[in-house]
Structures are given as structure tokens and as C-alpha cells.
Amino acid sequence: MEGEKRDVAIVKMGATDTSELSDRRASPNENVTATPLCRFCGTPLRQTFVDLGMSPLCESYLSAEQLNQMEPFYPLHVRVCGNCFLVQIQEYVSAEVIFSEYAYFSSYSDSWIAHAKAYAEQMTTRFYLNTNSLVVEVASNDGYLLQHFVAKQIPVLGIEPAANIAPVAVQKGVPTLVKFFGTITARELVAEGKQADLLLGNNVLAQVPDLNDFVAGMKILLGPGGVITIEFPHLMRLMEENQFDTIYHEHFCYFSFLTAEKIFAAHGLTLFDVEELSTHGGSLRIYAHHVEDSSKVVSARVHELRAREESVGFARLDRYHSFAEQVKETKCKLLEFLIEAKRAGKQIAGYGAPGKGNTLLNFCGIRSDFLDYTVDRSPHKQGKFLPGTHIPIYPPERIRQTRPDYLLILPWNLKDEIMKQNAYIREWGGQFVVPIPKVKLYP
Ligand SMILES: [Zn+2]
């Protein structure tokens, strides 16, 4: 699926045969315990946020041969900390297994590249970056973002754990260190005389199992007057818009601004600005500086967002308890629609094979009994089957051949783009269906 960073094709380390794509057979992680502790503050996690049952890893697409084999399912049980309100899941599958072998090739997505380019322009102007600065990106992928700083002759360093994509970044002129980021890596870089003037991480904070070590590492690597920017999906939008399908095993944490602020403060970092972005169904970009740095003022946007989150209850546990019911209701409504359509003899096909689609379909128990097939523009996914539900993935041309009555758009964050590209289904009276925030038909 093209679109944002998480929705693009995955490619296995050095493999050209994509049948190896779904070899993600991990053994259960021994760090998983019955009553887990909050990965930020250590409080025992006794409160459920939402339990989405058992689900396979959302990016482990299957080949035809694998359909007859056992398939690992792991709990998608999300808890909320009663002390700091960090929403989180246990590391059911270790991050090393998930992220060392697989890489998301960000450059496949046009919209994400445009986002990265605009970011480089903004930061260079706002923070006066120049040929003496150093920009460091954690989870730098194939250099999709740092290349824009390179074009301005601003020195950069990428840090990326997936060894297979470092050479791609290097080709773009982006020096890349193949490592997981944390205090050890940060100290090594500082010992080499490297400190960042701009230190950034996009869609990586949620994927870090040792959150404290990661943020502490950022504190170490940040130069005295430097700025950190981090982008992550905003928990407030996830809850308000019912985006439970963005919960995957790969996303260990889900942050409100209030909780993010507490975590950074605990590591000597002050959040001095925040932007609300439309990416991934609604993300935050937070800006941090050293608590000792008095050269920057805290923006009105910080005060405003903090007040807004407090006013809708994000600093109270009961606000979090309402989410599970909301999710159940969404599931019932979607199933009601599908059952009614099937009873009326309608054909339903899916559009897209994003990770979020897999959470949705597995949680709702939607298989080829409801969805005849799905399609995806990524050649890496075509000819495969969705994990768990085993719905086949075809190239988009299949839609015209079979003329379905309904097309269920799984990457709802890209619905406008998808409806435009596939407007031709109206030739035979086809209609679009968007499942989230609630089932909606677009005739
Ligand atoms: Zn906590």
C-alpha cells in the first residue's frame, strides 16, 4: 500500500525471493509476565485499555505454501498505567526479531517523501542549521528524510537497526550507523565527539521496548543548545476516532501529550513546542530541549494542548476505561453491515493490505466469507495472503474484472486518494465502504 511510512512494503534482509517475507516465526519473548510493569514508571499494570484477542504479527503476509502450516498468534492486550497513563502492550515478540530483519522502505511513498522534504525546510530555517550543524535521525531507514539535509550541505548521521537498508541510505549520501539506539550508542557517539544540533525520530518512539533507555540516550546525544523533534500517532485521535486498528504488536506504546511530557521531563528534557499533524490518522510532532537550556520559550501550543487533553479527561483513569466498549460497538456495526450485505447477495472486496487492516480483520473475524479478496499496489504483497484471515491479495486490476458491489477501504487514512483513483467502480454501481471511525458508505 502506498501512503504513509508504516503502510509500505516490507522487504527481508538481502532477500530477493519475497516468499521469505513471512518467515517471521518468533519464539515467545521470555520478558513477558502475567502482571507486567509500566515500561516508563514501573507501576504494575492492572488496568485493561482494550483487549483485541489473539492476532498474528500484522506484517507477516503468507505465501500459498504457508497456508497449510501453523501460524503464530500473540495477545493484543493493551493496558494503561494507573499512575502515568501510558497506554502500552507487552513485548510479546522481541523488538530485535521485528526490526532487525525487516525494514519499511519509506521511499516507496510519495506523500511521506513530501512530508520529509517540508520538514527539512522548516527545521533548517527555524533552527538556523548550516554546514557546521549535525542532524541525527534515529530509525533513519533508507535516508528518505536526511537526504534533504544532505542536499543543503548540512552534515547528517542516520542510525538504523536494519542492516539491509543502510547501503541504500549510503548511496544517497547519508552515512548510516547500523545499530539500535539507546544510551550505549549515544555514549559511543559522544565519545567520538558527535553531538546533535537537531535530533529526530519519526514513528519510532512507539516501537521502542526500553522507552527510558531510548529517551535517556536522546538526552546524552543532544548538543547543549540542540533540539529534539519526535513524531508519533496521538492517543487522543486514536481514541476519539476509534482507530483501534492502529494497535499492532510492533507498537509498544501509545502516547498522549501529557504522558509524553512526563517521560521527557523525567530525562531532563522540556517539551517547548508541539504541532498536530494529519499523518497516520493524527500525529504529534513534539519539540524538546535540555531542561538547562534557557534560550527557548514554551509555545502557546503546548499550554493549549495540555489544557485540551486535561479537559477531556486524559489525566483520569476513567477516560481510558470507555475505549473498550467503543471498540466492541464498532466491531458490531461493521459485522452488521457485512452480514446484511451478504444476505442481500452482494460481493465485497477489500482495498489495500496495510498492517491496520490485519488488526481490524482478525479482531472482527472477517475472512473470505465476507471479503472475497483484497488488492494492493505493492508488488511485494500481491500473490500473498493476509496473516490470520488468509484473504488473498491481488493486483488492483482484479477489481475491474470482478466488479464488486462494495469496496472496503482498509487504509482509511488514505480514503480520499483511494476513492479518487478507483472512482470507476461507480460505472457498475459500486460503492466505497470505510470502516473507521464507523462504517460509512460512499455511493
Ligand atoms: Zn506508568
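1. Overall size first. This is a predicted model, and its radius of gyration fits a simple expectation: a compact globule of 443 residues would come out near 22 Å, and the protein chain has 22 Å, so the two agree. Along the principal axes, the C-alpha trace covers about 65 × 50 × 40 Å.

2. Next, burial and surface. Of the 443 residues in the protein chain, 59% count as buried. The area left exposed is about 17100 Å², and 53% of that comes from carbon and sulfur atoms.

3. On secondary structure, I'd just note the tally for the protein chain: 14 helices and 19 strands. As for how the chain connects up in space, take the contacts with a separation of 6 or more: 73% of them are between residues 24 or more positions apart.

4. One helix pair to look at is α8 (residues 257-266) with α9 (residues 300-311). Their axes lie 9 Å apart and make an angle of about 120°. An angle counts as roughly perpendicular from 65 to 115 degrees and as roughly antiparallel over 145, so α8 and α9 are oblique to each other.

5. Which residues make the contact between α8 and α9? From α8 it's F257, L258 and E261, and they meet V302, L305, R306, E309 and E310 of α9. Sorted by class, this contact is a mix of four nonpolar and four charged residues, with no polar ones.

Conventions
Residues numbered from 1 in each chain as written. Predicted model: local features only at pLDDT ≥ 70, side-chain atom pairs only at ≥ 80, totals over all residues. Heavy atoms only, no water. Axes fitted to C-alpha atoms, helices over the stretch in contact; angles between N-to-C directions. Helix = DSSP H or I, 4+ residues; strand = E, 2+ residues; numbered from the N terminus. Parallel < 35°, antiparallel > 145°, perpendicular 65-115°, else oblique. Contact = heavy atoms within 4.5 Å. Nonpolar A, V, L, I, M, F, W, Y, C, P; charged D, E, K, R; others polar. Rg over C-alpha atoms; globule rule 2.2 N^0.38 Å. Buried < 20%, exposed > 50% of the residue type's maximum accessible area, 1.4 Å probe, protein only. Areas by Shrake-Rupley, 256 points an atom, 1.4 Å probe, with all protein chains shown as cover.
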